[in-house]
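Good morning, colleagues. Please take a moment with the sequence and the structure before I begin.

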Amino acid sequence: MKPSEYLVERLAVSGLPDVKPFLADRMEASAIEEYLPFGFDMLDEWVAVERTIALKAKHVAEDRICGFALTAKPMAGRDQTHVMIMIDPGDRRKGLGSLMDAACVEFFDIPGIKTQAVVTENNPGATAFVEARGYKMIDKNYKMSREPEAFEPVEVEGFSFEAYRGGDPDTNAAIADQNRRLYANERLAYFTAPEEVEKIFESPGRVILLARLEETQEIAGFVDLTKEAFVCNLGVARKFWGTGLAHELSRRTIAMGAELGADRVRSYVRAKNAASIRMQKRVGMEIDETVYHYERDQAAL
Ligand SMILES: CC(C)(COP(=O)(O)OP(=O)(O)OC[C@H]1O[C@@H](n2cnc3c(N)ncnc32)[C@H](O)[C@@H]1OP(=O)(O)O)[C@@H](O)C(=O)NCCC(=O)NCCS
């Protein structure tokens, strides 16, 4: 690659109208599905969050967008983050993916930062790319799905359910707090600040199904769903495990998929999380695909 051929720069929300057609028109559907499983609407959410860093690549001479990357500053006290890169098929194997990968890391300026990348089982090009870039496989996940169905809700004694669509600072704070605790040992968690929680509702159709303990009104568990019925998050506070809450939240997720008019209800589960997989299978979710997580230790490069 000639050094001046491409220009990589940070993308603001105002730049999304240019980038979305690039992603929608020029990418294979399968690559988009793999790369942005939450749907395009999530892009607006992500790019609007200060912690997120979106990058675009332009072909300088031809003045066209030819690459996109997404990463986020690690949460406080963490040294891991995530990198997603998408290069126009016509511009691949010219070093642009590598350039964007390096640009993502430069934005953090955190010595020894660990970066993760996700690759599906049938994507040998991306596998070769992450391996060439020094990533090592660390984890395996499953994409699961089923068709939506209008299940009749079942009451769980002592708990109440509601479809929350934002607007209450106390609820936002409680969701952010629970996210922080649920993901304490995970490498990455979005929406761990109350303002970030409120922001997600700017996306049309976004809903969080909440379960509250009736006695105290505290949040006992929730499912975070996009309008395409992609389950971003399903969590039940540890002290309420075994109450049937997770099962009922999962059932209601399938029903909410029907209410949202989605074609499938989709989720993403760690292969190691046998309890969660069992729960999802109980409500008819099936494994569609295996996804591999890679990590690179910058310090080891
Ligand atoms: C994966 C992807 C980002 C790579 O972008 P790229 O600009 O082609 O990457 P580079 O040119 O920097 O490749 C660097 C090295 O990775 C390896 N590599 C990349 N693509 C490869 C392929 N299809 N087959 C074999 N090796 C490959 C090679 O070793 C390459 O070096 P070389 O060309 O000198 O042999 C691009 O193919 C893409 O956008 N794919 C769809 C989106 C995706 O799957 N993203 C997941 C990764 S986060």
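A residue is called exposed if 12 or fewer other C-beta atoms lie within 10 Å of its own. Please bear in mind that this is a predicted model.

With that cut-off, I turn to the backbone. Asp63 is not a glycine, yet its phi is positive, at about 45°. Asp63 sits in the loop that joins strand S2 (52-59) to strand S3 (64-72). Is Asp63 buried or exposed? Asp63 has 7 other C-beta atoms within 10 Å, and is therefore exposed.

Arg93 is a further case: this residue, again not a glycine, has a positive phi of about 60°. Its place is the loop between strand S4 (80-87) and helix H4 (96-108). Around Arg93 there are 11 other C-beta atoms within 10 Å, so Arg93 is exposed.

Let me now move to the ligand. Which residues come nearest to the ligand? There are 22 residues around the ligand, and those that come nearest are Arg92, Gly97, Ser98, Gly125 and Ala128.

As to where the shell comes from, at least two of its residues are supplied by each of these elements: helix H2 (29-35), S4, H4, strand S5 (114-120) and helix H5 (124-132). S4 and H4, which flank the loop of Arg93, are thus among the elements that supply the shell. H5 gives the largest share, with five residues.

Finally, the chemical character of the shell: 13 of its residues are nonpolar, five are polar and four are charged.

Thank you for your attention.

Technical notes: Residues are numbered from 1 along each chain as its sequence is written. This is a predicted model: local features need pLDDT of at least 70, side-chain atom pairs count only at pLDDT 80 or more; totals for chains, interfaces and linings use all residues. Helices (H or I, at least four residues) and strands (E, at least two) are DSSP runs, numbered from the N terminus. A residue is buried if 20 or more other C-beta atoms lie within 10 Å of its own, exposed if 12 or fewer, and partly exposed in between; C-beta atoms are placed from the backbone. A residue is near a molecule or strand if its C-beta atom, placed from the backbone, lies within 6 Å of it. Ala, Val, Leu, Ile, Met, Phe, Trp, Tyr, Cys and Pro count as nonpolar, Asp, Glu, Lys and Arg as charged, and the others, Gly among them, as polar.
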